[in-house]
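Please work through the exercises below with the sequence and the 3D view open beside you. Each task sentence is followed by a solution that goes step by step.

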Amino acid sequence: MTEPFSILLIGSGGREHALAWAIAKSPLCARLFIAPGNPGTAQHGENRPDLPVSDHAAVVAFCKAEGVGLVVVGPEAPLVAGLVDDLQAAGIPAFGPTKAAAQLEGSKGFTKDLCAERGIPTAAFARFTELAPALAYLSARGAPIVVKADGLAAGKGVTVAETLPEAEAAVRAILDGSEGGALVIEECLFGEEASFFALCDGTRAVPIGTAQDHKRVHDGDRGPNTGGMGAYSPASIVTPAIAEAVMTRIIAPTLEGMAAKGTPFSGILYAGLMLTSEGPKLIEYNTRFGDPEAQVLMPRLTGDLVPALLAAAKGDLSGVDIGFDPHRAALTVVMAAQGYPGAVRRGTEIRGAEAAGDAGIVVFQAGTRRDGERLLADGGRVLAVTALGASVREAKDRAYAAVRRINWPDGFFRTDIGGREVAREEAASGD
């Protein structure tokens with residue numbers, strides 16, 4: 001039996017609040033540090049805003065001084081920057097991929113090339129670093145078409161262009177701007193999107209759940225893409241047959257391809273899928289728990305998360321089984337600051353967030369800060385109000401009831417999170 005140990009969680013968003021909430025429940029968690037953390041994570045551990053996570057030597061020194069037995073890296077930027085590499089070199093178990101393996105998220109072009117090498121179903125694509133060839137390709141292909149910044153863009157580097165002028169503007173913004181100077185142009189896939197999560201140890205993968213995210217900022221999937229305005233889990237559209245196809249045709253060849261490159265992938269492989277008439281196709285990979293998907297996956301856990309994270313970090317998932325409640329759905333509604341995903345006003349007061357949570361409801365915090373006893377908005381996506389229910393419909397009703405108990409006039413939210421799934425439930429029941 002492993003003795004309890006200290007854990008360091010890296011990050012400050014809603015995903016990290018959800019992870020802190022789950023990790024703190026583990027009998028193996030003797031002490032939880034969160035760097036930098038937020039007011040929500042402070043409810044479950046000790047925030048360390050004084051620890052600069054971009055200073056890898058400082059993180060290693062902190063872990064050694066505090067006897068940290070596991071580091072869980074929440075966001076993508078520290079993964080792409082190689083934090084896991086430096087922790088592993090110091091003999092500290094770290095959950096997440098190495099810098100080389102994190103290219104699956106850090107470079108869309110890298111992932112598309114891997115798909116081509118391994119026969120992984122995905123949209124037809126081309127990569128560009130120069131403006132003229134990219135514009136010529138657009139002209140030849142026509143619209144609708146998808147333009148993606150190659151590097152990290154916080155979920156907002158994708159343009160699904162309905163017209164050529166819109167696509168050309170997106171290309172110019174990337175190649176003439178500061179988004180990395182590289183892009184991928186790909187065909188526009190049609191179908192329904194879903195998120196698929198697999199826990200990986202370098203050679204094997206364990207599926208751990210499905211979800212559907214709502215990326216567009218406004219009801220009816222209108223407006224610009226965001227980091228996510230809400231989500232629910234499980235996604236019934238990912239049937240057992242589709243899940244098996246994802247594991248065999250997408251996840252397994254990805255792990256095989258990464259291992260063959262000498263960069264085995266360990267951590268969470270989050271596949272964004274389009275369920276087309278030809279079967280599931282990979283839209284893109286994230287190499288960490290999603291946000292707001294973590295906020296609906298964590299409440300459905302029936303087992304202990306920490307042993308699974310530690311096993312993946314140590315490269316051996318044999319015998320690991322993460323349990324999720326098959327009889328309970330979860331739905332989260334993101335409350336964002338007016339203006340998001342553009343410029344937002346900070347410092348507005350939020351009242352009633354703690355009181356909104358009751359049995360089966362958790363208000364995960366993201367862009368918040370404390371001013372004495374007052375809770376203030378301090379970002380774009382500010383809260384993720386999550387509810388459990390026997391169905392998505394019940395979880396949705398409970399989540400929105402909790403949202404209405406929060407007094408934040410400067411915030412807004414979508415009113416249709418989970419609507420498509422509720423319609424499926426009603427059709428299945430004959431209502």
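**Exercise 1.** Why is the sulfur of Cys 200 not in a bond with the closest cysteine sulfur?

Solution. Before starting, note that this is a predicted model, in which local features need pLDDT of at least 70 and side-chain atom pairs count only at pLDDT 80 or more, while totals for chains, interfaces and linings use all residues. Residues are numbered from 1 along each chain as its sequence is written, and side-chain values use heavy atoms, with hydrogens and water left out. Step one is to find the closest cysteine sulfur to that of Cys 200, which belongs to Cys 115. Step two is to read the separation, which is 14 Å and therefore too far for a bond, given that a disulfide is a pair of cysteine sulfur atoms within 2.5 Å. Step three is to turn to Cys 29, which is in no disulfide either, since the sulfur of Cys 63, the nearest one, is 13 Å away. A search of the whole structure finds zero disulfides.

**Exercise 2.** Determine whether Thr 226 is buried or exposed, and find the polar atoms around its side chain.

Solution. First, locate Thr 226 in the loop between strand 13 (222-225) and strand 14 (230-233), where strands are DSSP runs of E, at least two residues long, and helices are DSSP runs of H or I, at least four residues long, both numbered from the N terminus. Next, take its relative accessibility of 0%, by which Thr 226 counts as buried (buried is under 20% relative accessible area, exposed over 50%, and partly exposed in between, with a 1.4 Å probe and protein chains only). Finally, look at the side chain of Thr 226, which has a polar atom 2.7 Å from the backbone oxygen of Lys 215 and a polar atom 2.8 Å from the backbone nitrogen of Gly 228.

**Exercise 3.** Describe the surroundings of Glu 166.

Solution. Begin with helix 8 (residues 164-175), in which Glu 166 is found, and add that Glu 166 is partly exposed, with a relative accessible area of 33%. Then list its contacts (heavy atoms within 4.5 Å): leaving aside residues up to four places away in sequence, Glu 166 touches Thr 159, Val 160 and Ala 161. To finish, examine the side chain of Glu 166, where a polar atom lies 3.0 Å from the backbone nitrogen of Glu 162.

Key: Polar contact = N/O pair within 3.5 Å; in protein donor to acceptor, adjacent residues only side chain to side chain.
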